[in-house]
Amino acid sequence: MALEARIKQLLALEENRKCADCGTRSPRWASYSLGVFMCLQCAAFHRALGVHISRVKSCDLDRWTEDQVRAMEAVGNARGREEYGPSYAEANNTTNLPDAHMLESFIKLVALK
């Protein structure tokens, strides 16, 4: 099966239908170094962390390698939450999205711990 089709299959799984960081529906970006799917806003924050922490790609626009797809298959958002902690929404028991500054601080705290 084509690599992009495998990414689309992963995105269709219930566990990956929300951003790993903020809980927004229908993430279209991924950190293949961490193995989690995320929204555009959280992807921007991950990129700012540096590639030594998080390597980000578009699920739709970028080309994927076999190793990158395997990394996504090995983790996914459910395992990512087990390893890195809950999303902002889960951690704060809310369905409201935080402002950008709070979300960026949350991502830095989780990524740098």
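Let's start with two strands. Strand 1, residues 29-31, and strand 2 are joined by three bridges, and the two run antiparallel. Take one residue as an example. Which residue in strand 2 is the bridge partner of A30? It is F37.

One caution before I go on. This is a predicted model.

Now the whole sheet. It is open, it has three strands, and their order is 2-1-3. The pairing is antiparallel. Which strands sit at the edges? Strand 2, residues 36-38, and strand 3, residues 56-58, are the edge strands. Each of them pairs on one side only. On average, neighbouring strands in this sheet are turned by 30 degrees against each other, with direction ignored.

Next, a pair of helices. Find helix 2, residues 40-49, and then helix 6. These two pack with their axes 10 Å apart. The angle between them is about 50 degrees. Why do we call helix 2 oblique to helix 6? Angles from 65 to 115 degrees count as roughly perpendicular, and those under 35 as roughly parallel. An angle of about 50 degrees is in neither range, so helix 2 is oblique to helix 6. The crossing of helix 2 past helix 6 is right-handed.

On to empty space. How do we look for it? Rolling a probe the size of a water molecule over the atoms shows where space is left empty.

The largest pocket holds about 240 Å³ of space. How many residues line it? The lining has 14 residues. Those nearest the centre of this pocket are K18, G23, S87, A89 and E90. Sort the lining of the largest pocket by type, and you get five charged, five polar and four nonpolar residues.

The second largest pocket holds about 210 Å³. Its lining has 16 residues. Nearest its centre are D21, L34, H46, Y84 and V110. Which elements give two or more residues to this lining? They are helix 4, residues 76-84, and helix 6, residues 100-111. Helix 6 gives the largest share, four residues. We met helix 6 a moment ago, packed with helix 2. By type, the lining of the second largest pocket has ten nonpolar residues, three polar and three charged.

So, to recap. We have an open sheet in the order 2-1-3. We have helix 2 in a right-handed crossing with helix 6. And we have two pockets, the largest with about 240 Å³ of space and the second largest with about 210 Å³. Thanks, everyone.

Technical notes. Residues are numbered from 1 along each chain as its sequence is written. This is a predicted model: local features need pLDDT of at least 70, side-chain atom pairs count only at pLDDT 80 or more; totals for chains, interfaces and linings use all residues. Side-chain values use heavy atoms; hydrogens and water are left out. On a 1 Å grid over the protein atoms alone, a cavity is a set of points where a 1.4 Å probe fits but cannot get out, and a pocket is an open set with protein on both sides within 12 Å along at least five of seven lines; lining residues have an atom within 4 Å of a point. Grid points are joined across faces, edges and corners, and a volume is the space filled by probe spheres set on the points. Ala, Val, Leu, Ile, Met, Phe, Trp, Tyr, Cys and Pro count as nonpolar, Asp, Glu, Lys and Arg as charged, and the others, Gly among them, as polar. Two strands pair if DSSP finds at least two bridges between them. Axes are lines fitted to C-alpha atoms, for helices over the stretch in contact, and angles run from 0 to 180 degrees between N-to-C directions. Angles under 35 degrees count as roughly parallel, over 145 as roughly antiparallel, 65 to 115 as roughly perpendicular and the rest as oblique. A crossing is left-handed if the near helix is turned anticlockwise from the far one by less than a right angle, and right-handed if clockwise.
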